[in-house]
Amino acid sequence: MEERIIFTKFVTEDEIFWLHNNCEFIVLPYTYSISSSGPITFAFAADKPVLASDVSTLKEEVRDGVNGVLFKNCNAQELENGILRMIQEPGFLDSMSYNIGTEKNNRTWEEFARQTYSIYKSAVN
């Protein structure tokens with residue numbers, strides 16, 4: 001498995017694009033809450049499923065079995081099980097990539113504006 005894994009530290013924007021375009025899925029084993037879903041945005045832009053710990057922002061974006069897999073924060077066994085599920089379950093990655101591509105069509109500025117308008121309208125009424 002080692003030949004299939006790339007561990008990174010800080011990467012440039014060009015490297016980010018290359019990594020996302022040349023991987024099967026993204027692993028985000030955060031141990032604490034992050035304030036941005038930037039890594040997920042990059043992954044989903046490339047139609048790549050995400051294996052993520054169940055910390056705040058990550059669990060808000062990753063829907064288990066739909067566009068990625070969630071595992072219990074700081075649980076190495078669940079992380080391992082998630083990796084194995086991603087690489088061993090036939091058709092799983094393809095199905096999630098398809099779902100991500102479909103969901104991207106709903107993440108337009110028009111849809112965001114429609115939802116925002118709806119929220120404000122309900123708050124006023």
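The following paragraphs lead through the pocket, the nonpolar core, the aromatic pairs, the salt bridges and the backbone of this structure, which is a predicted model.

The account begins with the open space in the model. The largest pocket has a volume of about 930 Å³. Its lining comprises 25 residues, and those closest to the centre of the pocket are Ile6, Thr8, Phe25, Ile26 and Val27. Four elements each contribute at least two residues to this lining: the helices α1 (13-21), α2 (38-45) and α4 (76-88), together with the strand β1 (26-28). In terms of residue class, the lining consists of 19 nonpolar, three polar and three charged residues.

The nonpolar core is considered next. In soluble globular proteins, nonpolar side chains tend to be buried together. In this model the largest nonpolar core has 13 residues. The members that touch the most other members are Ile26, Leu28, Ile40, Val50, Ala52 and Leu58. Two or more residues of this core come from each of β1, α2 and β2. Of the contributors, α2 gives the most, namely three residues. Two elements thus appear in both descriptions, because β1 and α2 each supply at least two residues of the pocket lining and each give two or more residues to the core. Ile26 is likewise named twice, being among the residues closest to the centre of the pocket and among those with the most contacts to other core members.

The aromatic side chains provide a further set of contacts. The structure contains two aromatic pairs. In one of them, Phe17 and Phe42 meet edge-to-face, with 5.7 Å from centre to centre and 70° between the planes. Phe17 belongs to helix α1 and Phe42 to helix α2, so this pair ties together parts that are 25 residues apart in sequence. Phe17 counts as partly exposed because its relative accessibility is 39%, and Phe42, at 31%, also counts as partly exposed. The other pair is formed by Trp109 and Phe112, whose ring centres are 5.8 Å apart; the planes stand at 85°, so this pair too is edge-to-face. Here both partners lie in helix α6 (residues 109-124), three residues apart, about one turn of the helix. Trp109 has a relative accessibility of 69% and therefore counts as exposed, the threshold for that class being over 50%.

Charged side chains form five salt bridges. One of these joins Lys104 to Asp47, with 2.9 Å between the closest N and O atoms. Lys104 is part of helix α5 (residues 92-104), whereas Asp47 sits in the loop between α2 and β2 (50-53), so the salt bridge ties together parts that are 57 residues apart in sequence. Lys104 is partly exposed at 32% relative accessibility, and Asp47 is partly exposed with a relative accessible area of 27%.

A salt bridge within helix α6 links Glu111 and Arg114, with an N to O distance of 2.6 Å. These two residues are three positions apart in α6, and about one helical turn separates them. Arg114 is partly exposed, its relative accessible area being 48%. Elsewhere, salt bridges with shared partners join Asp64, Arg85 and Glu89 into one network. Within it, Glu89 and Arg85 form a salt bridge in which the closest N and O atoms are 3.3 Å apart. Glu89 counts as partly exposed at 37% relative accessibility, as does Arg85 at 31%.

Finally, the backbone has two residues to point out. Asp47, already described as the salt-bridge partner of Lys104, has a phi near 60°, a positive value in a residue other than glycine. Cys74 also has a positive phi, near 65°, and is likewise a residue other than glycine. Each of the two is found in a loop: Asp47 between α2 and β2, and Cys74 between β3 (68-71) and α4. Their accessibility classes can be set side by side, since Asp47 is partly exposed at 27% while Cys74 is exposed, with a relative accessible area of 60%.

Technical notes. Residues numbered from 1 in each chain as written. Predicted model: local features only at pLDDT ≥ 70, side-chain atom pairs only at ≥ 80, totals over all residues. Heavy atoms only, no water. 1 Å grid on protein atoms, 1.4 Å probe; cavity = no way out; pocket = protein on both sides within 12 Å on 5 of 7 lines; lining within 4 Å. Points joined across faces, edges and corners; volume = space filled by probe spheres on them. Nonpolar A, V, L, I, M, F, W, Y, C, P; charged D, E, K, R; others polar. Phe/Tyr/Trp six-rings, centres within 6.5 Å; stacked < 30°, edge-to-face > 60°. Buried < 20%, exposed > 50% of the residue type's maximum accessible area, 1.4 Å probe, protein only. Salt bridge = Lys/Arg side-chain N within 4 Å of Asp/Glu carboxyl O. Core = buried A, V, L, I, M, F, W, Y, C linked by side-chain atoms within 4.5 Å.
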